[in-house]
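Me: Could you take a close look at one part of this model for me? I'd like to go through the place where the two chains meet.

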Amino acid sequence: MLKVNAITVKNLIKTYRVAEKSPGVLGSIKSLVRRKYRDVLAVNDISFNVEEGELVGFIGPNGAGKTTTLKCLSGLLYPTSGEVSVLNHKPWERKTQFLKSIAFVMGQKNQLWWDLPPMETFLLNKEIYDIDGANFQETIKELSSLLEIGNILLTPVKKLSLGQRMKCELVAALVHRPKVLFLDEPTIGLDVVIQKNLREFIKTYNQKYQSTIILTSHYMRDVEALARRVIIIDGGKIIFDGLLETLVKKYAPYKLISLILKKEVDVQKLKKLGIIKSYNYPQAVLSVESRETNKVVTEILKNLPVDDINVQEADIEDVIRHVFQNKK
Amino acid sequence: MKKYWLIIKNTWSETLTYRLNFVMWRIRVVVQFLTIYFLWLAVLPPNTNFGPYDQKLILTYILGAWFVGAIVFSTRTADIGEAINSGDVSNTLIKPVNFFLYWFSRDLGDKAMNIMFSVVEITLVFLILEPSVFIQTQITFFALAILSIILAVIIYFFISTILGFLGFWTPETWAPRFILFILVGFIAGEIFPLDILPSGVMKFLQFSPFTYLIYFPVKVYLGQLSYPQILGGLTIALAWTILFYLFTKLVWRFGLRFYAAQGR
């Protein structure tokens with residue numbers, strides 16, 4: 001099957017003008033009379049493509065330029081320079097046809113009408129996106145049962161918990177079944193169970209409707225569970241773009257070797273092989289430098305009474321941390 | 001266009017959830033009105049004249065100004081500046097919704113609520129104070145008054161929206177709005193009819209957009225303007241409407257380029 005690019009970004013640059021103000025009352029007065037501006041380079045010459053139906057994870061520390069990139073892609077911001085094309089539209093023209101095929105969910109900003117039940121927002125979106133009645137009913141029924149929120153659709157939003165609200169936000173954004181979906185920190189501040197719930201939902205949605213999704217998250221678990229491909233941004237630049245496995249292979253500083261021992265072994269003996277993560281006889285977990293793994297495994301098999309041995313990849317969070325540290 | 005109807009409806013229900021807030025706001029308006037009302041009652045005893053006004057006409061003017069004010073000045077556009085600064089405006093921008101129609105619909109929802117309340121209040125004033133007022137019986141003046149109120153609503157919508165757009169450049173969007181309130185209080189004719197001012201001032205004010213927010217519609221209702229005067233006034237009001245429309249669009253276009261979609 002021929003893959004088509006849903007999103008193309010070429011040499012995108014975005015700078016902000018920020019007013020500077022010295023602290024204190026005097027500073028305020030000074031800035032009233034004469035305001036100093038400073039240009040901040042939020043996105044610095046990035047290029048990437050996303051295929052139709054692909055789910056890509058955007059990773060980076062705060063202020064890396066993730067959200068700015070999403071804002072450029074969704075048409076909220078004019079790029080300073082470079083080319084952006086989403087479904088063959090220039091996003092910032094904000095043509096109706098373009099707006100009808102995208103959605104942008106922001107973990108920290110809601111579109112739901114605060115004082116009204118979520119259903120009112122859904123109904124309004126139904127009209128905004130010209131969805132016919134039958135389709136609308138079906139979508140709401142399906143999405144709300146997947147997210148288990150069927151019983152709160154008529155409760156005012158302000159009375160819902162953060163998790164319930166986020167679920168409703170997702171439904172509101174998906175009423176029109178967008179072809180391209182931008183998710184900016186959709187799981188922020190939510191508990192682990194709901195995070196998992198949302199993750200599964202996003203995965204199902206992506207597979208079922210073949211929608212293109214870009215997701216940013218601080219929680220590596222989100223990215224790990226959802227995206228095969230990740231783009232890592234730092235300081236407005238892309239520092240990695242590829243499969244998650246490749247990232248781990250390339251940058252993983254260590255691997256984990258877990259052992260089941262037949263006989264108890266002296267701790268000192270294990271210490272020589274690597275860093276002991278845990279040792280509760282008969283189980284032991286060792287952390288070993290990636291390139292040493294083969295050597296250590298051979299040594300273990302030769303010298304220790306093992307019942308079972310298992311090599312695991314490093315924790316993804318550690319890998320990412322390692323990537324950022326190496327860069328600096 | 002059903003979407004805009006739903007926005008009107010939602011705004012209406014939203015206001016209902018803050019009933020107490022709204023009632024307090026209306027009480028403030030009523031007290032303000034009563035102050036002006038009794039002031040004029042004291043200044044103009046029965047059978048005295050002040051310019052073209054006797055007591056009956058001035059009380060009608062004040063009542064009319066109150067009612068027109070409830071229609072023209074009730075707006076949600078005062079929130080635009082904050083919505084821009086907080087980034088909430090993004091929610092409207094990423095949807096296939098016309099930004100201006102969205103906010104105008106919110107205004108209509110808000111106005112509907114304000115009109116409903118002021119009708120009740122005016123009825124109460126009539127029942128309790130029993131003022132003698134002038135009832136316009138000529139349907140033409142009535143219709144022209146409604147037309148001029150519609151223009152007033154649109155002009156005020158644009159003025160208030162432009163002030164909100166200042167949010168693109170500065171977080172301090174309320175300072176200019178206070179100046180607007182002062183201007184409106186003084187030269188829109190909310191407190192006194194503008195034609196009691198020296199005629200030189202009045203000549204100048206007839207070209208100001210504020211004159212057409214309150215003073216002009218009420219004057220048309222009172223039937224105190226000749227048809228050429230009404231036509232002239234409507235022309236100036238229409239010119240301001242078009243001018244403000246173009247200016248709003250222009251500021252919007254520049255503002256969007258400046259927009260940083262903050263807060264996320």
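What follows is a walk through the contact between the chains, ending on one residue.

Reply: Sure. Keep in mind that this is a predicted model. Let's start with the overall picture: chain B puts 33 residues into the contact, and chain A puts in 29 residues. Together they bury about 3,100 Å², with carbon and sulfur atoms giving 59% of that area.

On the polar side, you get two salt bridges between chain B and chain A. One of them joins the side chains of Glu127(A) and Lys2(B), at 3.5 Å from N to O. Four residue pairs are in polar contact across the interface, with both partners at pLDDT 80 or more.

Now for chain B's face. The elements that bring two or more residues to the side touching chain A are α1 (2–17), α5 (90–93), α6 (99–129) and α11 (227–258) of chain B. The largest share comes from α1(B), with ten residues. Sorted by class, that side of chain B has 13 nonpolar, ten polar and ten charged residues.

If you want one residue to zoom in on, try Glu14(B), which sits in helix α1 of chain B. Its relative accessible area is 11%, under the 20% cut-off, so Glu14(B) counts as buried. Leaving out residues up to four places away in sequence, Glu14(B) touches Trp113(A), Asp115(A) and Leu116(A) from chain A, plus Arg76(B) and Arg106(B) from chain B.

Methods:
Residues numbered from 1 in each chain as written. Chains lettered and ligands numbered in written order. Predicted model: local features only at pLDDT ≥ 70, side-chain atom pairs only at ≥ 80, totals over all residues. Heavy atoms only, no water. Contact = heavy atoms within 4.5 Å. Buried area = accessible area lost by both parts, 1.4 Å probe. Salt bridge = Lys/Arg side-chain N within 4 Å of Asp/Glu carboxyl O. Polar contact = N/O pair within 3.5 Å; in protein donor to acceptor, adjacent residues only side chain to side chain. Helix = DSSP H or I, 4+ residues; strand = E, 2+ residues; numbered from the N terminus. Nonpolar A, V, L, I, M, F, W, Y, C, P; charged D, E, K, R; others polar. Buried < 20%, exposed > 50% of the residue type's maximum accessible area, 1.4 Å probe, protein only.
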